[in-house]
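Here is a short report on the structure below. It starts with domains, then takes each chain in turn.

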Amino acid sequence: MNQPAAVPTEAILTRNFGRADSYTLTAYRETGGYAGWAKALALEPAAITDAVKRSNLRGLGGAGFPTGTKWSFVPKGHAGPIYLVINADEGEPGTVKDRYLLERDPHALIEGMLIAARAIGSRLAFVYIRGEYITPWRRFSAAVREAYDAGYLGRGLDVVVHRGAGAYICGEETGLISSLEGRKGWPKLKPPFPAIKGAFGAPTIVNNVETICQVPHIVNRGPEWFAALGTKTQGGTRLYSVSGRVRRPGVYEASVAVTLRQLIYEHAGGVTGNGRLKAVVPGGASAAILRADEIDVTMDVDGLRNAGTMAGSAGVIVMDETVSIPDALRVVARFYAHESCGQCTPCRETTGWIHRMTERIVEGRGHKEDLDTILDVARRGTGTTICAFYDGAVGPYISYIEKFRAEFEALIRHA
Amino acid sequence: MSPRHPQFTSEQLAEVRRLQGLYPDARGALLPVLHLAQEVFGYISEEVEEYVAGLFGLAPAPVHEVVTFYTMYFREPKGRHVVSVCHNLSCHLAGAPAILDHLRRRLGIEPGGTTDDGRVTLLAVECLCACEMAPMLQVDDRYEGNLTPETVDRLLDQLR
Amino acid sequence: MPKLTIDGQPLEVPPGTNLIEAARRIGIEIPHYCYHPALSIAGQCRLCVIDIEKVPRPQVACNTVVAEGMVVHTETERVLETRKSIMEFHLINHPLDCPVCDQAGECWLQIYYMKHGLYDPRMVDEKVHKPKAVPLGPHVMLDAERCILCSRCVRFCDEVTGTSELGIFHRGDRSEIGLFPGQELANKYSGNVVDICPVGALTDRDFRFQVRVWYLDTQKSICPGCARGCNIEVHVSRRRPHHAEGRRVVRLKPRFNEAVNKWWICDAGRYGSAFVDDDTRLQVPARRDGEKTLEIAWTEMIPLAAGRLRGYRADEIGILASPTLSNEDLFLLRRLCDALGVGAVDYRVPPARPGDEDDFLIRADKSANSRGAALIGLGGADARAILGAARDRRVKCLWIFGHDLLASAWPEGEVRDGLRGAETVIFQGTNANRTSAYAHLVLPAAAYPEREGTWTNFEGRVQRFRQALAPLGRALPDWEILGRLLQEVQGAPRPARAEECFRDLAATEPAFAGMTYRSIGDAGQLVRAARP
C-alpha cells in the first residue's frame, strides 16, 4: 500500500471555488488563468502529450485510464478532423464535482480544452453536459462566449456546447458519442475504439471535465510536480465528493494518496446517524462497497483496485450502522434497472430481474435461493456485455451481498 | 404554435438551422432541437416528432426512439412547474422517501402525475449529482437541497 | 489471405471476414441471433461469444475480423457456460407461448435452448409485459413480449428497404420494438422481417395459426411473379389436409441466391401463391357444347384438340402463348407451331396497368419467362393483331395460354369481339378466368409447384423450379399436354420428362447450348448471350 501523502495545503482545482464571481474570465485571469495555455502554445503537440503522460494523470470520470496514453492513440498524420469531446454527463451516484467545476470554474475547463486540443490535433471540441445541469450549462456557455470574445476560442479551436436529455448511460464514452450524433445513447461496439473511429466516424478523444481541468496545471507547473503530489502510479490531486451519513458533505480536494479514513474523518467531519461507521461506497455507486474495517486504503486508482473496489468517480457515500444494506442495494438496483440502455441482452434482462428480487427481499418476500441467484446471475453476466455499465452494476450486486450477507439472510428468514 | 399543429417561427427555424450547422452531421442537433421544440410547444407530441423528423430528413421512428429513450422529453402535457425529487442512494439515506411522501400528500398526486390545476408535475428521478445537499430536488431550472418538509412547503407556495 | 485456426482446424479466408463466416466455411455454426450477413453488425445478443487465445475475455464472433495467426476456440468450458447464461438471460422475460406461437418448430430460442441451454429456470418473479398480437401492416403481426430485441427487423427497414418504419423505443427491459404510432409496415418487402426474426415476435398474418411447421415439406422453386425470378422454397402441407383451410401451398419463403435476390422476396411474390389452391383451378379437360360443359378424359381431349387444329389452314390459327410457360413448354409449342405451319404466335399481352418496378427486386414485367419466350421464338407476330384477325374471322382458331384478355390493356369490346369471332377457342391454363369462359376446349394445366421446368429471367438466367405436389385433379404440365398433341399431330414420340424437353431445347437453340439441368443446378445459369 502506498504511503499516504501529506494533504496538500494548496488548493489547485478548488482555488477559485470560494469567490462569488469565480466563473468570470476576470476572476479566472486573476489567479493565473490561461498561463498554462500560453506555455502550451510554445510546445509541440507531442511534447504536451508527453508531459501529460509523465504527470501520471489518470482519467477522473470513472475508468482511471492514463490520460496521456489515451491521447497517443489518435492516429498520427490523420488527414481528416479529430474531435475532442468533454464528458460533462456526470451521473454516477455520489458524484458532484464536475458540477462544481462547471458552475464555479468553467474557464478551467476551457483552458484545459485548448491545451488538450492542441496536443491531439483537434480543431472542434464538443462539451456534452447532462440535460439536468441547467445552471452549469448557462455558466459554461457564458464562459465560452467570454473566451471567444477574448480570442482564446475561435482561433484554431471551436467549441460546441451540447445538452443531454436524461440518461446515465450517456456518461459512457461511446454512449455519449451516440447521443452526440443525435441517437439513443447506445454504446458502440469496440473495436473500433473512439481514438480510431469515434464521433461522426472521426478519431475522437473523450475526457472527463475534471481530467481536462488538471491539464493547465500540468503544463504550467510541470509534470514532475504533478506526479509528486500523488502516488507512484497516479499523479496529482482530485476532487472527492463526500455525502451520506457525514457531518460535512461536500467537495474536497486532496492528493490521490489520501486515505478513505482521512476523507471521512478529517475532511468531512466524521460519521452521523448513530456515529458508528458501517460501510462506505468509495468511488460512486458502481464501486464495490467497503466495510468499516477496510477504510485504511489510499484513494488512488491502483490502491482501490487492489482493495477489490475502484476509484471510479471518487463519489464517497458513507453509511452508518443504522443504514439497511439490503435497502441500499434495492435503491441501487432500481437505479441500474432504470438506466440500462437495453441494447444488449445480459444487462437489459438481468438488471430488471435483479431489481425485482431486491424489492421482494426488502418487502419480506425473499426466497432462500435469491441471494445465490443474484450472485450467480451477476457473475455470469460480467464480461459478456457491450460496455462496462453492467460491470458497474455488478459491483454493488456482489459486494453488498457478500460483505453483508447476514443482514440479507435475516430479512429472508423472517419472510 | 400548438403541439398538435407544430410550426416553428422563422427565427426558431433559423435557430434550428444554426444548431444543425454546428455538427459535422446535422443529425447531431436532434437532442438540442427537441429541447427547443419542448420549450416552444410545451411537450413532444407525436405531431412534434413528425415535424422535427421532417426538419432532419429522418423517418419519424428514429425520432420516436430518441424521445422515448431520454427522460427529459415529456410526451404528455406537463405542469407549469416540474418538481423532480432524487430518490437515489445519498438522498435516500438523507430521507428522500419522506420528502416524496410529503409532496404526494401536499400535491395529491403520485410521482409521474400532474396536479389537476396544471401547476405541478411531480417526478421521482435518479441521481441529479447534488448529493452534498441531500435530500434534494430539481424544480424547473434550479436545484434545491437540504430539504425539510417546511422548506418544501415554502418552495411549493412560490410556484404559481 | 489471413490464416487462422478454429477448433484446431487451420483455414485461410479473405481479409475482412468475421469469425461467424469463417467458422461456417469449415462447417462450424456459431450460435447467434442478431448477426445477419445482409445487415450491419449489431453485437447485441451476445450469444456468439467465443474464446480467442491471448485475449482475456470472450469476444463476440460477429464483430471480430480474422487476423493472421488467430487461434479460436468455439467450445471451451467458458464459452459453453456463457452460451448457457445468455440463453437464460434471453428467456427471463420471454413468454411461454410455444403452444400458441407459430414459430414453434423453427424457433431459435427453442433450438438453442435444447442445444446450448438445458438449465433449470429460476426466474419466479413477474415477467415484463408488452403488447401482443399487434398487426404492423397487412402482412406482419408483432408480439412484443416474444421479441428478443435482436434489432434485425429494424436494421432491415433501415438498410435494405431504406424505409425506417421500425424502431426500438424506451430503454432497459422496457425496450420495445414498434412502429411510429399510427404508421404501418407497408413497404413492398415487409414479409422479409418475418423470415429474419429468429423468434415468434414477427409472424406472418397469412400463415397465422394455419398449420404447424413440422407437418410441412419444402421444395426448391422460383417465384413466377415477375421477370426477376426470385429463388424460393415452396412449403406444402401434405400430411394435414384438414389444416390451413385445405390449402396445400401454405407459404413461400425466399431462397438465397447471390446473383438474383440474395435473401429476399417482395410481398407480391411471397403472397402470390393463393391461385394454386383456390377454387378457380381448372382440374379436368372440358368441352363446351352450346350451353353445356362436358368433362372428358385426356384420351378424348388430345385427339379432339389435335383434330380441330389440323382442321384449319395454318394461317387460320392464332396462338397467344404465355410468358409464364416454361422453357420446356415453349420449346414444344414452337415445335407444334412448326409442325402445323402456324406463324401467328405471340406472347405479349399488355396488362391493364403497367406493372410497378423498383430499383431493388421488383420488375415491371409480371411474368416469369418473357426472355425465354423471346429466345425460343414465340414472338413472331403481334398478339393484338391476332385477336383482331379473330374478330375479322380470318383467324378461326384461337389458342390462348392462361391469359385473361379482359384484364389486359385492350378495350373490352375489342377483346370480346375477338373471342366471339373465333370459331374455336382453346384455353390452356391453370385457373379459370373471364377469357376461359369463352373457350370451347379447356385444357387444365398444372401449376408451377405441381411440376418442374425452367424459366429464363430478365437477365437471361435460366433457373429450375421443382415439383412439390401432385397436380390437382387431372391437370397436366403444359409440356406434357403439348407433347401429347405433338405426338398426335406429328407422330413424334412424346417426351417422358421435362428434362428431355430441355435437352432437346439445348441441342436446338444456340442460346441454351451446352446447358443441362445439372449445370443449372440450384443457382441457375446464364444463357450464352448473357454471359460476360
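## Domains of chain B

The domain assignment splits chain B into domain 1 (10-69) and domain 2 (81-158). The model is predicted. Taken over C-alpha atoms, the centres of domain 1 of chain B and domain 2 of chain B are separated by 29 Å.

## Fold and extent of chain B

Chain B holds 7 helices and 4 strands. Read from the N terminus, its elements follow the order α-α-α-α-β-α-α-β-β-β-α. The order thus opens with four helices in a row and ends on a helix.

The C-alpha trace of chain B spans about 50 × 35 × 25 Å along its principal axes. What share of contacts in chain B, between residues at least 6 apart in sequence, join residues at least 24 apart? The share is 60%.

## Surface and charge of chain B

Chain B has 160 residues, and 60% of them count as buried. Its exposed area is about 6,500 Å². Carbon and sulfur atoms supply 50% of that area.

Charged side chains in chain B come to 14 positive and 22 negative. The centres of these two sets lie 4 Å apart.

## Fold and extent of chain A

Chain A comes to 17 helices and 9 strands. Its C-alpha trace spans about 70 × 45 × 35 Å along the principal axes.

Why does the radius of gyration of chain A agree with that of a compact globule? A compact globule of 415 residues would have a radius of gyration near 22 Å, and chain A has 21 Å, so the two agree. The rule behind the estimate is 2.2 Å times the number of residues to the power 0.38.

Sequence separation gives another view of chain A. Take its contacts with a separation of 6 or more. Residues 24 or more positions apart account for 70% of them.

## Surface and charge of chain A

How many of the 415 residues of chain A, as a percentage, count as buried? The figure is 66%, where buried means under 20% relative accessible area. Chain A exposes about 13,400 Å². Of this area, 53% is supplied by carbon and sulfur atoms.

Chain A carries 48 positive and 43 negative charges. The mean positions of the two sets are 2 Å apart.

Technical notes: Residues numbered from 1 in each chain as written. Chains lettered and ligands numbered in written order. Predicted model: local features only at pLDDT ≥ 70, side-chain atom pairs only at ≥ 80, totals over all residues. Heavy atoms only, no water. Helix = DSSP H or I, 4+ residues; strand = E, 2+ residues; numbered from the N terminus. Buried < 20%, exposed > 50% of the residue type's maximum accessible area, 1.4 Å probe, protein only. Contact = heavy atoms within 4.5 Å. Areas by Shrake-Rupley, 256 points an atom, 1.4 Å probe, with all protein chains shown as cover. Lys, Arg positive; Asp, Glu negative; His and termini not counted. Charge placed at Lys NZ, Arg CZ, Asp CG, Glu CD. Domains from an automatic or database assignment.
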